[in-house]
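Me: I've got a model open and I'd like to learn how to read its helix packing and a few local details. Can we walk through it together?

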Amino acid sequence: MKNIAILLGDGVSTEILSSAVSVLDKVNEVYKLNLNYTYAPIGGRAYEETGTPLPDKTVDICLKSDAVLLGSVGDWKYDKLPPELRPEKALLGIRKKLNLFANLRPVKVFEELAFASPLKPEILKNTDIMIIRELTGDVYFGEPKGITTKKTYDNRTIRVGYNNMIYDEDEIGRIALSAFECAQKRNKKVCCVDKANVLDVSRLFREVTKEVSKDFKDVELSFMYVDNCAMQLVLNPRQFDVILTGNIFGDILSDEASAICGSLGMLPSASLSDGKTPYMYEPIHGSAPDIAGKNTVNPIATILSAAMMLKYSFGEFGAHDSIYNAVKSVLKEGYRTTDICRENDRLVSTDKITDLIVNKIN
Ligand code: IPM
Ligand code: MG
């Protein structure tokens with residue numbers, strides 16, 4: 001039995017997860033995977049139900065599972081809550097509790113959707129990047145942090161906010177290792193993205209990455225400042241194979257990278273640990289409360305996240321490929337949700353595109 005925790009969050013979360021589960025049900029049947037699901041709330045939903053965005057019971061269910069599939073969390077209606085009760089806190093919390101330090105965000109364009117990209121087709125063609133974002137450190141978790149007050153030279157009391165961008169060499173070493181191992185299975189290039197011209201923490205990131213690279217003579221290592229990388233992603237995305245970067249730079253660059261693929265609704269992600277805790281899978285997009293419940297959201301990012309789960313957590317490569325190919329062939333036939341739809345395409349609902357994908361799997 002393969003036990004999967006399904007974390008229901010906010011906004012479009014239930015719709016995209018129910019699509020992913022329909023697809024999983026089908027591969028379960030075809031490939032006899034013996035999948036079993038346990039549902040648990042997270043984020044705003046958990047806050048409504050239990051008073052906390054990350055209940056112990058949810059964490060417990062995750063820890064007892066073999067893999068975790070998460071929808072998305074967040075809603076403007078929780079903006080006024082104190083930081084520790086906000087949905088985002090639960091997401092950071094579960095990443096930390098499961099020690100999910102390596103976030104893999106593949107950036108690959110389906111050629112059928114090249115038109116949806118703001119980039120010219122000749123620039124975009126053959127783009128295939130794996131962003132490896134460190135996920136449990138950096139300014140996201142660094143101490144000390146807070147909002148306090150200070151006295152100015154003219155004796156006024158003013159507020160001051162601060163976070164600490166911090167990485168130790170063990171944290172850098174293990175994420176660098178993930179990047180090199182990943183590159184070995186791809187095009188054997190790692191580009192370490194940082195701000196080493198300004199930040200000490202980036203200088204250490206570079207040093208440790210260079211040390212790790214000594215064991216990977218077959219992988220070419222390069223370095224790039226994050227501002228330049230933001231520019232290079234739109235000028236020449238094809239130059240990248242694996243991008244290795246810290247938490248905050250990875251957050252920003254992966255949104256940019258998803259936009260060049262045409263829609264945020266297409267990109268999946270996998271968050272991996274050292275193997276002692278289950279891996280987690282989630283779309284990189286947010287909870288989009290404005291379109292929740294309308295049966296219009298694009299479920300493909302979550303469906304592809306479920307496919308990544310089959311590959312990375314269960315080694316079910318055939319089932320993974322069959323989901324990927326089903327998505328590709330539905331797109332080829334011109335079916336689209338609104339976010340990726342042009343005039344002559346076949347506009348369909350979330351449920352409909354899900355059915356079409358399910359029916360392609362056999
Ligand atoms: C992401 C999201 C999260 C992050 C937010 C919702 C906390 O933007 O997964 O990229 O910053 O990591
Ligand atoms: Mg983000």
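**Reading helices, a ligand and two odd loops**

Reply: Let's start with one pair: H10 and H11 are roughly antiparallel to each other, since angles over 145 degrees count that way. Keep in mind that this is a predicted model.

Me: What is the angle at which the axes of H10 and H11 cross, and how far apart do they come?

Reply: They cross at roughly 160°, and the axes come within 7 Å. H10 covers residues 300-312, while H11 runs over residues 317-332. As for handedness, H10 passes H11 in a left-handed crossing.

Me: Which residues of H10 and H11 meet?

Reply: From H10, look for Ile300, Ile303, Leu304, Ala307, Met308, Leu310 and Lys311. Facing them in H11 are Phe317, Ala319, His320, Ile323, Tyr324, Val327 and Leu331. Sorted by class, this contact has twelve nonpolar residues, one polar and one charged.

Me: OK, now H12. How is it placed against H11, and what is the handedness?

Reply: H12 spans residues 350-360, and its axis is 8 Å from that of H11, at an angle of about 125°. An angle like that falls outside the parallel, perpendicular and antiparallel ranges, so H11 and H12 are oblique to each other. Their crossing is right-handed.

Me: Which side chains should I click on there?

Reply: Try Ala326, Val327, Ser329 and Val330 in H11, which meet Ile353, Leu356, Ile357 and Lys360 in H12. By class, that contact has six nonpolar residues, one polar and one charged. Val327 also turns up in the list of H11 residues that meet H10.

Me: What about H1 and H11: at what angle do they pack?

Reply: H1, residues 13-31, packs against H11 at about 135°, with the axes 10 Å apart. That angle makes H1 oblique to H11. The crossing is right-handed. In H1 the residues to find are Val23, Val27 and Tyr31, and they meet Gly318, Ala319, Ser322 and Ile323 in H11. This contact has five nonpolar and two polar residues, and no charged ones. Ala319 and Ile323 are also among the H11 residues that meet H10.

Me: Let's move to the ligand. Which residues are around ligand 1?

Reply: A good habit is to list the neighbours, then look for polar atom pairs. Around ligand 1 you'll find Glu88, Leu91, Arg95, Arg105, Arg133, Tyr140 and Asp251.

Me: And how far are the polar side-chain atoms of Arg105 and Tyr140 from an oxygen atom of ligand 1?

Reply: For Tyr140 the distance is 2.5 Å, and for Arg105 it is 2.9 Å. Arg95 joins in too: an N or O atom of its side chain is 2.7 Å from an oxygen atom of the ligand.

Me: Last topic, the backbone. Is the peptide bond from Glu143 to Pro144 cis or trans?

Reply: The omega angle tells you: here it is near -5°, and the bond is cis. Pro144 sits in the loop between strand E5 (128-134) and strand E6 (146-151).

Me: What is the phi of Ala288, and where is this residue?

Reply: Its phi is positive, about 40°, although the residue is not a glycine. You'll find Ala288 in the loop between strand E12 (279-283) and H10, which takes us back to the helix we began with.

Conventions
Residues numbered from 1 in each chain as written. Chains lettered and ligands numbered in written order. Predicted model: local features only at pLDDT ≥ 70, side-chain atom pairs only at ≥ 80, totals over all residues. Heavy atoms only, no water. Axes fitted to C-alpha atoms, helices over the stretch in contact; angles between N-to-C directions. Helix = DSSP H or I, 4+ residues; strand = E, 2+ residues; numbered from the N terminus. Parallel < 35°, antiparallel > 145°, perpendicular 65-115°, else oblique. Left-handed = near helix turned anticlockwise from the far one by under 90°. Contact = heavy atoms within 4.5 Å. Nonpolar A, V, L, I, M, F, W, Y, C, P; charged D, E, K, R; others polar. Near = heavy atom within 4 Å. Polar contact = N/O pair within 3.5 Å; in protein donor to acceptor, adjacent residues only side chain to side chain.
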